[in-house]
Amino acid sequence: RRAKSWNRDGSIHGFSLLRARDRSKVAGWDLLLKPGLQEFALTAPDEPGEYEVVCTVICSEEHEGMRMKFVVLP
């Protein structure tokens, strides 16, 4: 999934969680990260498997390489 905007609302990163099998978004995992301290309460998906965390705000030249694997165990 490609980034939607450049630092929208002053955010330096934005993270979404995608299902690895079809790259569909997981509800409740649209985070916009701004400078300073922020807290988020997140719930792991009910379905075990592999997911991918992607940055949704164009943050730098290395933006497209920002990927993280997220694994939900049964």
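Of the 74 residues in the protein chain, buried residues make up 30%. The model is a predicted one. Its mean pLDDT is 82 for the protein chain, and 85% of the residues reach 70 or more. Among the named elements, E3 has the highest confidence in the protein chain, at a mean of 91. E1 has the lowest, at 88.

Start with the overall layout. The protein chain has zero helices and four strands. Read along the sequence, the pattern is β-β-β-β. The four strands form an open sheet. Their order in the sheet is E2-E1-E3-E4, and the pairing is antiparallel. E2 and E4 are the edge strands, since each pairs on one side only. From one strand to the next, the twist averages 20°. Contacts also reach along the sequence. Take the contacts in the protein chain with a separation of 6 or more: residues 24 or more positions apart account for 52% of them.

Next, the strands themselves. E1 covers residues 13-19. E2 covers residues 25-33. E3 runs over residues 49-55. E4 runs over residues 67-72. E3 and E4 pair in the antiparallel sense, over six bridges. Within this part of the sheet, Glu52 stands opposite Lys69 in E4.

Now the aromatic rings. How many aromatic pairs does the structure hold? There are two. One of them joins Trp29 and Phe70: the ring centres lie 5.2 Å apart and the planes meet at 65°, so the pair is edge-to-face. The cut-off behind that label is a plane angle over 60 degrees. Trp29 sits in strand E2 and Phe70 in strand E4, so this pair links distant parts of the chain, 41 residues apart. Trp29 counts as buried, because its relative accessibility is 10%. Phe70 has a relative accessibility of 24% and therefore counts as partly exposed. The limit for buried is under 20% relative accessible area.

The other pair brings in Tyr51. The rings of Tyr51 and Phe70 have their centres 6.5 Å apart and their planes at 80°, so this pair is edge-to-face too. It also links distant parts of the chain: Tyr51 is in strand E3, Phe70 is in strand E4, and they are 19 residues apart. Tyr51 is buried, because its relative accessible area is 4%. Phe70 takes part in the pair with Trp29 and in the pair with Tyr51. Through these ring pairs, Trp29, Tyr51 and Phe70 are linked into a cluster.

Move to Ser16, in strand E1. Is Ser16 buried or exposed? Its relative accessibility is 1%, so Ser16 counts as buried. The side chain of Ser16 is joined to that of Asp30 by a polar contact of 2.5 Å. Leaving aside residues up to four places away in sequence, Ser16 touches Lys25, Trp29, Asp30, Glu52, Val53, Val54 and Thr56. One of these, Trp29, is a member of the ring cluster. Another, Glu52, lies in strand E3.

Glu52 deserves its own look. Its relative accessibility is 17%, so Glu52 counts as buried. Which side chain does the side chain of Glu52 meet in a polar contact? The partner is Arg23, at 2.5 Å. Glu52 touches Ser16, Leu17, Leu18, Arg23, Arg67 and Met68, again leaving aside residues up to four places away in sequence. Arg67 and Met68 fall within the residue range of E4. Ser16, Leu17 and Leu18 fall within the range of E1.

That leaves Arg23. Where does Arg23 lie? Arg23 is in the loop between E1 and E2. With a relative accessible area of 33%, Arg23 is partly exposed. Its backbone stands out. Phi of Arg23 is near 60°, a positive value in a residue other than glycine. Most residues other than glycine have a negative phi. The side chain of Arg23 is the one in polar contact with Glu52, so the contact ties a partly exposed loop residue to a buried strand residue.

Terms used. Residues numbered from 1 in each chain as written. Heavy atoms only, no water. Phe/Tyr/Trp six-rings, centres within 6.5 Å; stacked < 30°, edge-to-face > 60°. Helix = DSSP H or I, 4+ residues; strand = E, 2+ residues; numbered from the N terminus. Buried < 20%, exposed > 50% of the residue type's maximum accessible area, 1.4 Å probe, protein only. Polar contact = N/O pair within 3.5 Å; in protein donor to acceptor, adjacent residues only side chain to side chain. Contact = heavy atoms within 4.5 Å. Pairing = 2+ DSSP bridges. Axes fitted to C-alpha atoms, helices over the stretch in contact; angles between N-to-C directions. pLDDT = per-residue confidence, 0-100.
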